[in-house]
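I opened this structure today to look up two things. My notes follow the order in which I checked them.

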Amino acid sequence: MKRDLSAHPTAILGAGPVGLAAAAHLAARGLPFLVFESGARIAEHFESTRHVALFSPWRYNIDKAARALLTAEGWLEPELDKLPTCGEVIDEYLRPLSQLPAIAPFVRLEHRVVHVARAGFDKLKTAGREHAPFLIRVTTADGTRDVLASAVIDATGTWSTPNPLGANGLPAEGEREHAAHFAYGMPDVLGTQRARYAGKRVLVAGAGHSAIGTLIALTKLAEEAQGTEVHWALRGHNFERILGGGSNDGLPARGALGARVKNLRDTGRLHVHADFKISAVRSGAHGFTIEGMKNESARYAVHDIEEVIVATGARPDFSLASELRVKLDPWIESTEALAPLIDPNVHSCGTVRPHGHRELAHPEKGYYALGAKSYGRATNFLMATGFEQARSVVAAIAGDMAAADDVQLELPETGVCSTQWSEDSSACCTKAAKVEPAPKSSCCGGPPVKRADACCVKDEVAKDSGASGCGCGPAKTRETGEKASTL
Ligand SMILES: Cc1cc2nc3c(=O)[nH]c(=O)nc-3n(C[C@H](O)[C@H](O)[C@H](O)COP(=O)(O)OP(=O)(O)OC[C@H]3O[C@@H](n4cnc5c(N)ncnc54)[C@H](O)[C@@H]3O)c2cc1C
């Protein structure tokens, strides 16, 4: 017998920007929901980087359904072109959103979700499975309890599970033993953590925006606190890609980050250790030594380091869904449909073609991982992507498939679209460069396409006409990260 799943709320795991956006969409549709947040406050991950200035201005950081609910309650929108800090996003947008009468009664703080299963069905059992409600197991100060849900939106992000220092994806030898001198992500080196880093020899590992932001802050600290020395360890050497698109970046603040760190490198204020694959951390007479291989072959070491900041990205933790039928791309750890669109081995545009409930669906009907978690280990996730994911998935949960399939997303590009390698920086791909100037956001972004193997409209048109594509899709293969033959 079919059970009435509408008797149960949709469970939203995580009250970050995307979890709360999903709550707004469910509230707008009058559907029941519960938000489970492990922290004592909403947006606990953003709280941990309260000091960080975002590179996306307000216009990209506010969900449409959330805006409508807030405005109806007299909320005044921030200035859309201003760049907020993570703290301002909480204070001026997320907290007011979480306090709305349509949302506040359904938010459960200090409720950590530890498992999700199908009530009465282990992972193996198939018959009748999709008619069973989900069982959400939460731990609270009062113990553990189970809550039933009709659908699950997992927006728990990735910040709780940062990548380690070791180049092979495992903790470097000695990393755990020296944990007291290791920080992960973006510690507030100019604020609350100032005393820890002032006057020290600090090594920052990583090549993304978090690493760059921390390097900029540390060099400022070095100007103020004598003896502060800043070392930058990178696994790669492609500075063009690492430093970003500069003035070509659709988000000027993101482009400026790269330009600032380039200047610091060129003026000798950073000790750069490129092509350095770290494998071990050993105690020394003054601090410790970071060891590894340089240029694949030569042993290399940086001595007398006193503090390490690991900014090598993060990875999703799907252990809470281990009793669900979750299917992930083998290395991105996103859904299989999303992986080719965001794989950093072949993409660096910072944009993604519009995608929604179909690309985010797992074999476990009704379970969706959204937000930063949807990208798995891939970088370049923007809140705006998560808002559109939430809109589409909530529409699918509501059974409004026309709205669910009508995905729209236009994101600012980084200005370093690695899928192209064309001479013409305005073109989305080599062919576009030869034929005509590419329209803005034409590589991977732009209007939705129907073909799963097409990354933009131009690519789809080319593939529909029997060609191998417009050039932006197959320029590099996911398996090798090398250029593919287009013959
Ligand atoms: C340094 C840095 C700068 C960034 N700058 C930008 C920017 O400028 N613009 C932009 O759009 N994006 C930016 N991002 C990306 C940004 O992280 C995401 O856009 C945003 O945080 C994603 O929101 P989310 O809701 O998916 O996940 P998160 O913000 O990570 O929220 C996840 C929530 O889930 C909770 N949670 C975790 N585990 C559990 C559990 N088991 N049970 C219950 N709750 C749980 C957490 O406490 C947290 O509140 C930046 C990221 C970093 C690291």
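These entries cover the surroundings of the ligand and then one sheet.

**Entry 1, model.** I noted before anything else that this is a predicted model.

**Entry 2, ligand shell.** I looked up which residues surround the ligand and found 30 of them. The closest are Glu37, His45, Phe55, Ser56 and Met383. I then sorted the shell by residue type: 16 are nonpolar, 11 are polar and 3 are charged. I also checked which elements supply at least two residues of this shell, and helix H1 (17-28), helix H2 (44-48) and strand S4 (112-118) each do.

**Entry 3, polar contacts of the ligand.** I went through the N and O atoms next. The side chain of His45 has an N or O atom 2.6 Å from an oxygen atom of the ligand. For the side chain of Trp159, the distance from an N or O atom to a ligand oxygen atom is 3.5 Å. At Ser38 I found a backbone N or O atom 3.0 Å from a nitrogen atom of the ligand. I then looked up the cover: the ligand taken alone exposes 980 Å², and the protein buries 92% of that.

**Entry 4, a sheet.** I turned to an open sheet of 3 strands, which run in the order S12-S13-S14 with antiparallel pairing. Why do S12 and S14 each have one side without a neighbour in the sheet? Strand S12 (276-283) and strand S14 (298-305) stand at the edges and each has a single partner strand, so one side of each stays free of a neighbour in the sheet. From one strand to the next, the twist averages 25°.

**Entry 5, one strand pair.** I followed strand S13 (residues 288-294), which pairs with S14 in the antiparallel sense over 6 bridges. Lys294 has Ala298 in S14 as its bridge partner.

Key. Residues numbered from 1 in each chain as written. Predicted model: local features only at pLDDT ≥ 70, side-chain atom pairs only at ≥ 80, totals over all residues. Heavy atoms only, no water. Near = heavy atom within 4 Å. Polar contact = N/O pair within 3.5 Å; in protein donor to acceptor, adjacent residues only side chain to side chain. Areas by Shrake-Rupley, 256 points an atom, 1.4 Å probe, with all protein chains shown as cover. Nonpolar A, V, L, I, M, F, W, Y, C, P; charged D, E, K, R; others polar. Pairing = 2+ DSSP bridges. Axes fitted to C-alpha atoms, helices over the stretch in contact; angles between N-to-C directions.
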